[in-house]
Amino acid sequence: MSVTKSSAEAPSSGSPGPGPESGPLVDVRDVSVVFRKKRTLAAARLVRAVNDVTFHIDPGETFGLVGESGSGKSTTGRALLKLVPVESGSITVAGQDVASLRGRGLRKARRSMQMVFQDPYSSLDPSSTVAASIAEPLIVHEGLSSRAARGRVNDLVEMVGLRASYADRYPYEFSGGQRQRLAIARAIALHPRFIVCDEAVSALDVSTQNQVINLLERLRAEFRLTYLFIAHDLAIVRHISHRVGVMYLGRIVETGPAERVYGAPAHPYTQALLSAIPDPRRRTERIVLAGDLPDPARPPRGCPFQTRCSFAMDVCTERMPEHTAVEGGGEVACHLQTSGPALAGSPLNDLGSPS
Ligand SMILES: Nc1ncnc2c1ncn2[C@@H]1O[C@H](COP(=O)(O)OP(=O)(O)O)[C@@H](O)[C@H]1O
Ligand SMILES: [Mg+2]
């Protein structure tokens with residue numbers, strides 16, 4: 001096998017050593033990303049796609065990011081790879097300040113951070129064989145001969161559970177799940193430390209989703225990879241994530257260990273998203289979210305979720321809720337925790353259903 005852990009990354013005795021390895025691999029603090037949407041020549045509208053977002057990912061950890069379409073998940077993932085300009089805040093990946101990366105440093109950092117998208121054609125060229133697509137970064141970045149690159153391609157393709165000879169085929173000759181495996185093979189070709197999976201399994205049927213998730217899990221353990229796993233579907237994120245962040249209108253409204261967030265959600269938005277997952281064992285009623293996501297160019301004053309929240313109080317229309325600690329781990333930004341019923345870190349379930 002030619003993709004192996006470098007000796008520096010191999011865990012020595014279980015506990016991480018000193019230096020940058022001892023902190024989080026990814027550290028995102030108060031990050032905002034603003035897009036200027038030109039409507040007319042005179043007026044450009046500002047869209048705060050990501051608003052004061054803070055989270056971290058430990059080495060070897062999978063952090064799941066969920067929320068409706070348009071909530072800012074992809075933009076967050078792209079900001080980590082310096083693919084969108086960051087308005088304010090700081091992003092550190094493997095001890096490096098992403099904003100200050102330029103030229104060679106940026107190219108080197110991008111090799112260690114890869115992305116897997118929902119559409120595998122964004123990494124597999126439909127007009128080339130799979131072997132050519134996977135070999136390309138090896139030839140460009142590692143200077144391998146095409147012969148040596150092909151040897152590595154064969155290993156990579158086998159590593160994702162396919163036959164090496166399949167690499168001579170074109171992307172259209174594969175099923176969706178196989179194509180996603182091949183996109184993953186290309187993503188791990190340059191020994192990355194961190195991979196952003198942006199809706200990587202969202203287009204697949206449930207059993208194929210599970211297979212690809214198992215593959216990602218195996219690769220994470222084998223190569224000590226760290227994942228940001230983005231999906232609009234909470235059911236997908238649950239099993240792969242150690243911790244989860246829930247995004248709404250550019251903000252993270254709740255974070256916590258996956259078990260706690262799914263078992264005892266503290267934010268009404270998380271509760272509503274969870275209630276939409278079909279589960280015959282659940283006794284609580286499905287909560288239907290009224291209306292659409294507000295226009296991110298004109299977010300409501302106060303709490304971003306108040307226009308759709310069945311618990312909304314006066315304070316929610318006036319002030320942005322602070323992040324407060326939740327029993328069982330993580331944080332939530334909701335006035336229910338500090339005003340009104342003052343849950344003080346208790347799960348929302350303790351409140352009963354809204355009237
Ligand atoms: N390149 C862009 N230019 C302008 N607006 C954008 C751009 N990319 C995303 N947006 C806007 O930012 C918001 C968040 O988008 P996105 O991060 O793609 O959300 P998600 O991945 O959660 O669906 C949306 O309102 C979207 O329209
Ligand atoms: Mg997206």
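**Helix packing and ligand contacts in a predicted model**

Author: In this predicted model, the axes of helix α3 (residues 130-142) and helix α4 (residues 146-159) come within 9 Å and cross at roughly 125°.

Reader: Why are α3 and α4 called oblique to each other?

Author: An angle over 145 degrees would count as roughly antiparallel, and 65 to 115 as roughly perpendicular, with the rest as oblique once angles under 35 degrees are also set aside; the crossing at roughly 125° falls in none of those ranges, and α3 and α4 are therefore oblique. The crossing of this pair is right-handed.

Reader: Which residues make the contact of α3 with α4, and how do they divide by class?

Author: From α3 come A131, I134, A135, L138, I139 and E142, and from α4 come S146, A149, R150, R152, V153, L156 and V157. These residues divide into nine nonpolar, one polar and three charged.

Reader: What makes α3 roughly parallel to α5?

Author: Helix α3 packs against α5 at an angle of about 25°, with the axes 8 Å apart. Because angles under 35 degrees count as roughly parallel, that angle makes α3 roughly parallel to α5. Here α3 passes α5 in a right-handed crossing, and the contact is made by V130, S133, I134, E136 and P137 of α3 together with L182, A185 and R186 of α5. By class, the contact of α3 with α5 has five nonpolar, one polar and two charged residues.

Reader: How do you know that α5 and α6 are roughly parallel?

Author: The axes of helix α5 (residues 176-188) and helix α6 (residues 206-223) come within 10 Å and cross at roughly 20°; set against the limit of under 35 degrees, this angle means that α5 and α6 are therefore roughly parallel to each other. In a right-handed crossing of α6 by α5, G177, R181, I184 and I188 in α5 meet T208, Q211, V212, L215, L216 and L219 in α6. The residues of this contact divide into six nonpolar, three polar and one charged.

Reader: Turning to ligand 1, what makes the approach of T75 to ligand 1 a polar contact?

Author: An N or O atom in the side chain of T75 is 2.5 Å from an oxygen atom of ligand 1, and a pair of N or O atoms within 3.5 Å counts as a polar contact, so T75 qualifies. By that cut-off, S74 qualifies through a polar side-chain atom 2.8 Å from an oxygen atom of the ligand, while G72 qualifies through a backbone N or O atom that lies 3.0 Å from an oxygen atom of ligand 1.

Reader: Which residues are around ligand 1?

Author: Around ligand 1 are F35, K37, A49, E68, S69, G70, S71, G72, K73, S74, T75 and P296.

Notes. Residues are numbered from 1 along each chain as its sequence is written. Chains are lettered from A and ligands numbered from 1 in the order in which they are written. This is a predicted model: local features need pLDDT of at least 70, side-chain atom pairs count only at pLDDT 80 or more; totals for chains, interfaces and linings use all residues. Side-chain values use heavy atoms; hydrogens and water are left out. Axes are lines fitted to C-alpha atoms, for helices over the stretch in contact, and angles run from 0 to 180 degrees between N-to-C directions. Helices (H or I, at least four residues) and strands (E, at least two) are DSSP runs, numbered from the N terminus. A crossing is left-handed if the near helix is turned anticlockwise from the far one by less than a right angle, and right-handed if clockwise. Contact means heavy atoms within 4.5 Å. Ala, Val, Leu, Ile, Met, Phe, Trp, Tyr, Cys and Pro count as nonpolar, Asp, Glu, Lys and Arg as charged, and the others, Gly among them, as polar. A residue is near a molecule or strand if one of its heavy atoms lies within 4 Å of it. A polar contact is a pair of N or O atoms within 3.5 Å; within protein, one must be able to donate a hydrogen and the other to accept it, and residues adjacent in sequence count only if both atoms are side-chain atoms.
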